[in-house]
Amino acid sequence: MKIISILGSTGSIGTQTLEVVRQTGDFKVSALTAGSNIELLEKQMREFHPAMAAVMQPEKAELLKERTKDLGIPVYSGMEGLLAAATESSAQMVVTAVVGMIGIRPTLKAIEAGKDIALANKETLVTAGHLVMQAAKDHGVKIYPVDSEHSAIFQSLKREDSSKISRILLTASGGPFRGRSRSELSQVQVEDALKHPNWSMGAKITIDSSTMVNKALEVIEAKWLFGVSFDQIEVVVQPQSIIHSMVEFVDGGIMAQLGTPDMKLPIQYALYEAKRNFLSGDRLNFAALKQITFEAPDMETFKGLALGYEAGRAGGSVPTVFNAANEWAVARFLDRKIGYLDIIAVIEDALSVHERIAHPDLEAILETEAETYRYLEGRWAH
Ligand code: NAD
Ligand code: MG
């Protein structure tokens with residue numbers, strides 16, 4: 001039995017991870033955490049009996065403690081709770097399924113405690129990739145990608161020498177607004193942007209997919225996970241979400257991973273440390289599928305992708321500004337406080353005033369985030 005802690009167990013990745021735990025019977029859960037959904041967390045505690053649980057909001061943590069008294073499971077709150085879950089002593093692997101750069105500190109702490117990481121929380125790698133990859137190296141910890149594209153690349157690299165990579169072909173569905181013009185996008189409402197054609201995911205990443213900022217974050221994530229340069233990462237739009245990504249090698253050969261869009265495969269591939277195991281579900285039927293199509297991304301309409309490449313290439317604290325401004329803007333858009341195209345305008349604005357720090361440590365990254373928020377509050381919140 002392998003023991004895992006799940007940070008963000010009530011979310012889209014968190015609940016699918018627990019489905020894998022339930023279906024395989026090969027894993028035991030040591031810690032579960034949520035931001036505020038204590039109803040679901042209580043159910044999960046009763047089913048999986050973790051050694052501890054944590055809730056970000058202190059009042060909610062208190063309520064949960066009351067409601068689960070009979071279980072005798074300690075419930076913690078705040079960042080302290082998240083860090084306790086990340087370092088829970090019996091855990092061998094930590095699944096990072098929280099959304100946003102709130103995941104940086106728990107991810108680093110888990111690595112320092114020697115836990116392998118199943119990494120879904122891409123914002124952590126985007127903003128602190130240099131710290132996370134170095135810490136993993138220092139502590140002999142493995143990082144298994146959960147993001148479907150990165151899992152596909154990881155699968156395509158099995159038994160290959162990564163120094164022989166020529167290009168990474170990161171596939172993108174193009175999201176619900178593929179083919180639209182910029183003026184058509186100005187009318188987009190929250191409901192429209194929350195409709196992803198192929199994947200059912202949390203709200204933030206669904207909005208990110210529609211703006212293609214998600215693909216920008218994934219480009220930076222791929223740079224850190226696979227040690228390639230930005231020139232070696234090409235985004236290919238493939239609207240059916242069948243090819244989950246590809247790797248081209250120096251001899252021109254290309255390896256790809258295909259399948260139906262189901263996050264449980266990349267999740268369990270990470271949990272099983274890159275070993276194959278049975279997973280039920282639909283299989284691809286190529287005769288019914290008939291075709292898989294490709295296009296180049298429209299980086300003018302979906303400027304977030306171009307901005308992400310620029311931020312990634314600039315490096316240092318710039319990807320943190322890109323990510324923090326996006327997190328701020330998406331939350332405001334979901335609250336209906338700013339318009340759809342404002343998301344990109346907010347990111348551009350924040351990037352335009354930032355003074356780059358070349359080698360930010362953890363403190364500088366978190367301070368850059370806070371500074372970006374302060375700046376945007378002053379400029380955009382009214
Ligand atoms: P989600 O919104 O469905 O779930 C997020 C989880 O984090 C929930 O358990 C929530 O309670 C918790 N959380 C939210 N804010 C928190 C806070 N401030 N403090 C502590 N906990 C908090 O998100 P998701 O779609 O599952 O995505 C999680 C991560 O995985 C993201 O980084 C996302 O980019 C990545 N990812 C998701 C998918 C997917 O299919 N959903 C695919 C690839 C990558
Ligand atoms: Mg992805």
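Let's start with two neighbours: strand β2 (residues 27-34) and strand β3 (residues 52-55) run parallel and are joined by four bridges. One of the matched positions is easy to look up, since Ala34 has Val55 as its bridge partner in β3. Keep in mind while you look around that this is a predicted model.

**The seven-stranded sheet**

Those two strands belong to something wider. Follow the order β4-β3-β2-β1-β5-β6-β7 and you walk across an open sheet of seven strands, with parallel pairing. At its edges sit β4 (75-77) and β7 (143-145), and each of these pairs on one side only. From one strand to the next, the twist averages 20 degrees.

A helix packs on this sheet too. Helix α5 (residues 104-112) touches β1 (2-7), β5 (93-96), β6 (116-119) and β7. If you compare directions, α5 makes an angle of about 150 degrees with β6.

Now have a look at Lys142, which you'll find in the loop between α6 and β7. Which residues does Lys142 touch, leaving out those up to four places away in sequence? They are Asp116 and Ile117. Lys142 can also be compared with Ile111: the two are 31 residues apart in sequence, but their C-alpha atoms are 8.8 Å apart in space.

**Around ligand 1**

Next comes the ligand. How many residues surround ligand 1? There are 21, and the closest are Thr10, Ser12, Gly35, Glu123 and Gly202. Sorted by character, the shell has 10 nonpolar residues, eight polar ones and three charged ones.

Some contacts can be pinned down atom by atom. In each row below, an N or O atom of the protein is paired with an oxygen atom of ligand 1.

| Residue | Part of the residue | Distance to an oxygen atom of ligand 1 |
|---|---|---|
| Thr10 | side chain N or O atom | 2.7 Å |
| Ser12 | backbone N or O atom | 2.9 Å |
| Ala120 | backbone N or O atom | 3.4 Å |

How much of ligand 1 gets covered? On its own, ligand 1 exposes 820 Å², and the protein buries 85% of that. As for which elements contribute, α1 (12-24) and α6 (122-138) are the ones that give two or more residues to the shell around ligand 1.

**The four-stranded sheet**

There's another sheet to find. This one is open as well, with four strands in the order β9-β8-β10-β11 and mixed pairing. Its edge strands are β9 (233-237) and β11, each pairing on one side only. Ignoring direction, neighbouring strands here are turned by 20 degrees against each other on average.

Do β8 and β10 pair in the parallel or the antiparallel sense? Strand β8 (residues 165-172) pairs with β10 in the antiparallel sense, over four bridges. Within that pairing, Leu169 has Met246 in β10 as its bridge partner.

On to the next pair: strand β10 (residues 243-249) and strand β11 (residues 254-258) are also antiparallel, this time over five bridges. Here Ile243 stands opposite Leu258 in β11. Together β10 and β11 form a hairpin, with four residues between them. Check the turn for Gly252, which has a positive phi of about 90 degrees.

Finally, this sheet has a helix of its own to look at. Helix α7 (residues 148-156) lies across β8, β10 and β11, and runs at about 40 degrees to β10.

Methods
Residues numbered from 1 in each chain as written. Chains lettered and ligands numbered in written order. Predicted model: local features only at pLDDT ≥ 70, side-chain atom pairs only at ≥ 80, totals over all residues. Heavy atoms only, no water. Pairing = 2+ DSSP bridges. Axes fitted to C-alpha atoms, helices over the stretch in contact; angles between N-to-C directions. Contact = heavy atoms within 4.5 Å. Near = heavy atom within 4 Å. Polar contact = N/O pair within 3.5 Å; in protein donor to acceptor, adjacent residues only side chain to side chain. Areas by Shrake-Rupley, 256 points an atom, 1.4 Å probe, with all protein chains shown as cover. Nonpolar A, V, L, I, M, F, W, Y, C, P; charged D, E, K, R; others polar.
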